[in-house]
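I opened this model to look up its overall build, its enclosed spaces and one of its sheets. My entries follow in the order I made them.

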Amino acid sequence: MQKIFTKRLALLLVFAAVFSIISAQIISVKGTVIDDATGETLIGVSIIEKGSTNGTISDADGTFSMTVQQGAVLQFSYVGYVATERNAAVNMNIRLKLDEKILDEVVAIGYGIAKRKDVTTAISSVSSKDFDTRPIVSAGQAIQGKAAGVQVIQPNGAPGGETVIRVRGTTSMNASSDPLYVVDGVPVENLSFLAPNDIERIDILKDASSAAIYGSRAANGVVIVTTKAGQKGGAKVTLNAQVSTKKASNLIQPLNAADYKELMEEIRPGSSVDMGTEDITNWYNEVYRTGFQQNYQISVSNSTDKINYFLSAGYLNEKGILPAAFFKRYNFRANFGGEVRKWLNINANISYSDNSNNGITTGLGSNRGGVVLALVNLPTSMPVKNATTGYYNRLFYGQNISNPVEAMENGKDDVTRENRLIASGNVLITFYKGLTLKSTFTLDRRQGLQTSFSPVIHVSGIDEYGSAWDNRNTNTVLTWDNILAYQNTFGKHAIEAMLGSSWTDSKYSNSWINGSNFRSNDIKTLNVANKISWEGIGTGASTWGIMSYFQRVSYNYDSKYLITVNARADGSSRLHPDHRWDIFPSFSAAWRISAENFMKEIKWIDDLKLRGGWGQTGNQSGLGDYAYLQRYELAIVNWWATRIKDGTTDVIEYYNDLAVPVIAPSNLRTTDLTWEKTSQSGIGVDFTLLKNRLTVVMDYYYKKTTKMLLNITLPEGANASSIQRNGGLMVNQGFELSVNSVNIRKKDFEWQTDFKFSLNRNKLVELDLTKIYYDAQTSDAFHGSQIVRNEEGHSLGGFYGYISDGVDTETGELIYRDLNDDHKITATDRTYIGDPNPDFIYGMTNTFTWKGLSINIFLQGTYGNDIFNASRIETEGMNDLKNQSIRTLDRWKRPGMETTIPKAGYNILPSSYFIEDGSYLRIKDITVSYNIVNKALRKAGITRLQPYFTVQNLLTFTKYIGIDPEVNQWGNSSSVQGIDWGTYPHARAYVFGINVEF
């Protein structure tokens, strides 16, 4: 018994000793985190036990508590503050200092990175924190109003968020003016495949001295996108979920049935006999709906001393305010990086996206299928369907107007799909400190599919047998970059040098097939079409390649005097071998004035830098893959039996199974084609004041584009209607201002403002051979007249027509100005009547934070731009039997009547009557979010729980009487801007979302 007791006592003593040792190794710590400058407590500071996943965050009072190993080191980090480490103690009082990030922030500079304080060129940056609570679906939307000198237009409100980006104006007339997009070092032509939640930052290289490193592809600026990577501090799971609804607003109101009948009688006496006066159909209610969007993104990331990873997946489904309109995207990303040896690092970035959308016809007249204008032009006294046939009405009192309900139903099978895989891997070899070699290989493969099906319809008076088409394409781009870099510091001297090469090879193939005569609508694929169009079937293929060599040398003396020199040589297969290669140089310099001894006594200036540079870039985007070669077009010759009538009998004329296509020249060979070149010089100043409370960046630039790629008109009888040539000169010059300020910083409350301002002046200086270019044909009421004219001495995209001097009170006609005083109105009386280019654009973001509550207000707008409101031709033209807007109630009706609306049936010409001021100020987004912090969430491992609510497109202040001033029916055109012709309108959106991290 005693032995048993002795054993149990011994075990108890051993257990107590072990417990005492373990207890001695674990301690409980608590403390408070405050702002070093103001003494205010900081909410949501991340506290991690170094070398582990054990962590917590500070609560609403700035306090924290946790258990850690004795002797542990705690890491404290908070956005906008310098991260710090402290040895764990029972009671801790942590003071965090504001991060001087404006100077130490790292930006992408093209094939490398640099600290912002050492940058000598004009670069604007947008961080993920600027848009992580905004309901955006594209990277372009993230930039809008956030970068000075960068104009972002969303020309229509269709699902998918198409955006047009112009960096420091439009630099080309016939070639593309889109910037070069580079995602994680991979050049791409658009960003539609990229989920905004995967983006860490966006850097825009605006001047030629920064963009010249990309040579012939950088004339329009470079947008560099860096996606997210794993961060130290333990594995992190992030979830962002958004649900939003969208409603159409500011719609054009049509006449009711009685007013419509009265107007039709004025336009065409006797036509209103069969027209009713009862309102049967509200066409807006029949077509417009509440749009709905779901957006879910999830990611997992981590980083250690040896490896980092970022994995993400997302799903976006946007249903538009018009039925059948949608955009759907699935996206996946895997970014990996690791240190295999001290001298060897390997990284891989893989992304896959699958996009699909239905593009419906909106920006056309209602007689051409335009849905938006049809909703105004349709008489409310007519039903959606014909009572006799039970099918949709197609004629409305004899007027041909597309029935939008039928168009939505029949167009639901028109789908465009694209899946895209971008796989990039690189190896970084460090030969010794400062000397590295990076080799990157990338595969970019896109597969596109467009399908359409028009249904079989057999009702009284309508026999349509259905039709379908199927277009497919595959594009594969391979890129291989090799970069040898060296950097070293000798006392106050620092030097960086880089040599590189880039090889790109592209292969494209496509096929298309059309068919008709379907038995029914049950099967919609072309294998059941009884008739395949021999003219609508075929395949195609093309290839192109580009080889480049580049270098950069940067010298820095004590971060005070900085010089950078770039040069790139490009050779393109699209050009004749004699003109294939060209060199694009640049240089820039900066002087940090604040580092001089004579500035040391000026305490309120934190940093002051003067910079300037010059560079040259190129543009080949307007060239076809075989631009300089003689090309031919094929004409198919019938090989099957051809029948002719011989009296009442069909007689076979011939059967030629040996027939081959006929070829004929399709162009004139232009062996001297070369690069379109843009030279740019600029000067800028950056300064930070008042202990980083105020940061200002100002830039002036001058851009000159020479050897413009133009389509020269040829005389009749030539093998082609036009020939592509180099010729012409265009100038852009402008000023940019960026201001970031911390207006108030007090205990628990802060107010920050970010303001961007840009102005640009564009002018066509010279045009060779063809001196005048007309463009943009709109309504049939203009009988083919084009409303845009480009010529020397004017800005790009000018509106051209007659000057309207109001309504003649005696006749009700519009008064057109007789400019040549010949007492008649002819084409020689036309002149420039409007300019779509704004005087300036701007954006401003105000952020208010109080404890865990944050309110973000984003304003954006333009000033001084004109819009040609072609929609009014259809809704106020009063020249046929279409319904019109309620503005026509004020039309002229009797002699002596004073009004701004002419009489019914007036002489309608393209004139200043349709020109309107397109200036606007829009409350783009208002976001209210709350960062929930409590002990229960910390125990559950949740480090961020942030619900938010956003209203998008809340209010627009404008004199424009159309639906929306932010439109352009010609979308991404360089030479045509600012035309509203029944364009898909932007909608007001209400967004509910939540960000979760654990």
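**Overall build**

I counted the secondary structure of the protein chain first: 10 helices and 55 strands. I noted that the model is predicted.

Next I looked up the dimensions. The C-alpha trace spans about 125 × 70 × 70 Å along its principal axes. I then checked the radius of gyration, which is 33 Å; a compact globule of 998 residues would have one near 30 Å, so the two agree. I also looked up burial. Buried residues account for 50% of the 998 residues in the chain.

**Largest cavity**

How many cavities of 30 Å³ or more does a search of the whole structure find? I got 8.

I took the largest cavity first. Its space comes to about 650 Å³. I found 46 residues in its lining, and those nearest the centre are Gln151, Ile153, Pro838, Ile841 and Thr862. I then asked which elements give two or more residues to this lining. They are strand 11 (150–153), strand 12 (164–167), strand 41 (749–766), strand 48 (840–850), strand 49 (853–863) and strand 50 (866–869). Strand 41 gives the largest share, 5 residues. I sorted the lining by class and wrote down 18 nonpolar, 21 polar and 7 charged residues.

**Second largest cavity**

I moved on to the second largest cavity, with a volume of about 230 Å³. I listed 25 lining residues; Gln154, Gly157, Lys246, Glu318 and Gln952 are the closest to its centre. Strand 18 (291–303), strand 19 (307–319) and strand 53 (944–958) are the elements that each give two or more residues to this lining. By class I recorded 9 nonpolar, 11 polar and 5 charged residues here.

**One open sheet**

I then turned to a sheet of 5 strands. The sheet is open, its order is 10-15-16-13-14, and its pairing is mixed. Which strands stand at the edges? I found strand 10 (123–127) and strand 14 (186–188) there. Each has a single partner strand, so one side of each lacks a neighbour in the sheet. I noted an average twist of 20° from one strand to the next.

Last, I looked at one pairing inside this sheet. Strand 15 (residues 199–205) and strand 16 (residues 222–227) run antiparallel, and 6 bridges join them. I looked up what stands opposite Ile204 and found Val223 in strand 16.

Notes:
Residues numbered from 1 in each chain as written. Predicted model: local features only at pLDDT ≥ 70, side-chain atom pairs only at ≥ 80, totals over all residues. Heavy atoms only, no water. 1 Å grid on protein atoms, 1.4 Å probe; cavity = no way out; pocket = protein on both sides within 12 Å on 5 of 7 lines; lining within 4 Å. Points joined across faces, edges and corners; volume = space filled by probe spheres on them. Helix = DSSP H or I, 4+ residues; strand = E, 2+ residues; numbered from the N terminus. Nonpolar A, V, L, I, M, F, W, Y, C, P; charged D, E, K, R; others polar. Pairing = 2+ DSSP bridges. Axes fitted to C-alpha atoms, helices over the stretch in contact; angles between N-to-C directions. Rg over C-alpha atoms; globule rule 2.2 N^0.38 Å. Buried < 20%, exposed > 50% of the residue type's maximum accessible area, 1.4 Å probe, protein only.
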